[in-house]
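Biologist: I'd like to go through a protein model with you, one question at a time. Could you put the sequence and structure up for us?

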Amino acid sequence: MNREVMSAIKRQIPFLIGGTISGIIMTYFLGFVVTIVINSIIWYLISLIVYKLVWKKNGLTDQMVILKYFLTRAKRQSNKQRT
């Protein structure tokens with residue numbers, strides 16, 4: 001994997017873990033659909049603040065790097081399956 005992609009994934013892991021744990025807890029009390037919306041908004045705001053204060057970056061750039069990497073991998077794999 002590309003070095004840039006690996007560092008972006010490492011910066012995203014705490015948000016994935018935190019969102020998963022809080023989502024499980026919130027689902028028990030609020031229900032599934034409400035939890036998806038509220039939890040996504042809360043963790044998006046937390047990640048924005050952390051990225052600005054700690055890494056002095058825009059978190060969306062890391063997410064786009066990861067998304068582009070996995071989309072190109074998926075395209076390559078689908079092309080291999082067709083041939």
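Modeller: Let's begin with a term: rings of Phe, Tyr and Trp (its six-membered ring) pair if their centres lie within 6.5 Å, and planes under 30 degrees apart count as stacked, over 60 as edge-to-face and the rest as tilted. Bear in mind that this is a predicted model, where local features need pLDDT of at least 70 and side-chain atom pairs count only at pLDDT 80 or more, while totals for chains, interfaces and linings use all residues. Residues are numbered from 1 along each chain as its sequence is written, and side-chain values use heavy atoms, with hydrogens and water left out.

Biologist: Okay, which residues form one aromatic cluster?

Modeller: A search of the whole structure turns up five aromatic pairs. In one of them, the ring centres of Phe 15 and Trp 55 are 6.5 Å apart with planes at 80°, so that pair is edge-to-face. Trp 55 also pairs with Tyr 51: their centres are 5.0 Å apart and their planes at 55°, so this one is tilted. The cluster is therefore made of Phe 15, Tyr 51 and Trp 55.

Biologist: How many residues apart in sequence are the parts that Phe 15 and Trp 55 tie together?

Modeller: Helices here are DSSP runs (H or I, at least four residues; strands are E, at least two), numbered from the N terminus. Phe 15 sits in helix α1 and Trp 55 in helix α2 (residues 32-55), so the pair links parts whose separation in sequence is 40 residues.

Biologist: And Tyr 51 and Trp 55, what separates them along helix α2?

Modeller: Both of them belong to helix α2. They are four residues apart there, so the separation is about one helical turn.

Biologist: Is Tyr 51 buried or exposed?

Modeller: Buried means under 20% relative accessible area, exposed over 50%, and partly exposed in between (1.4 Å probe, protein chains only). In the cluster, Trp 55 has 31% and so counts as partly exposed, while Phe 15 has 11% and counts as buried. Tyr 51 has 1% relative accessibility, so Tyr 51 is buried.

Biologist: Let's zoom out. What pattern does the protein follow along the sequence?

Modeller: The count is three helices and zero strands. Read along the sequence, that gives α-α-α.

Biologist: What is the protein's radius of gyration, next to that of a compact globule of 83 residues?

Modeller: The radius is taken over C-alpha atoms, and the globule rule is 2.2 Å times the number of residues to the power 0.38. The C-alpha atoms fill a box of roughly 50 × 35 × 15 Å along the principal axes. A compact globule of 83 residues would come out near 12 Å, but the protein has 16 Å.

Biologist: Where is confidence lowest?

Modeller: pLDDT is the predictor's confidence in each residue, from 0 to 100. The protein averages 87, and 99% of the residues score at least 70. Helix α1 (residues 3-30) has the highest mean, 91, and the lowest, 82, belongs to helix α3 (residues 59-82).

Biologist: One more: which residue's backbone oxygen lies 2.7 Å from a polar side-chain atom of Thr 20?

Modeller: Thr 20 is found in helix α1, and its relative accessible area of 46% makes it partly exposed. The C-alpha atoms of Thr 20 and Asn 39 are separated by 9.0 Å. As for the backbone oxygen 2.7 Å from the side chain of Thr 20, that one belongs to Leu 16.

Conventions
A polar contact is a pair of N or O atoms within 3.5 Å; within protein, one must be able to donate a hydrogen and the other to accept it, and residues adjacent in sequence count only if both atoms are side-chain atoms.
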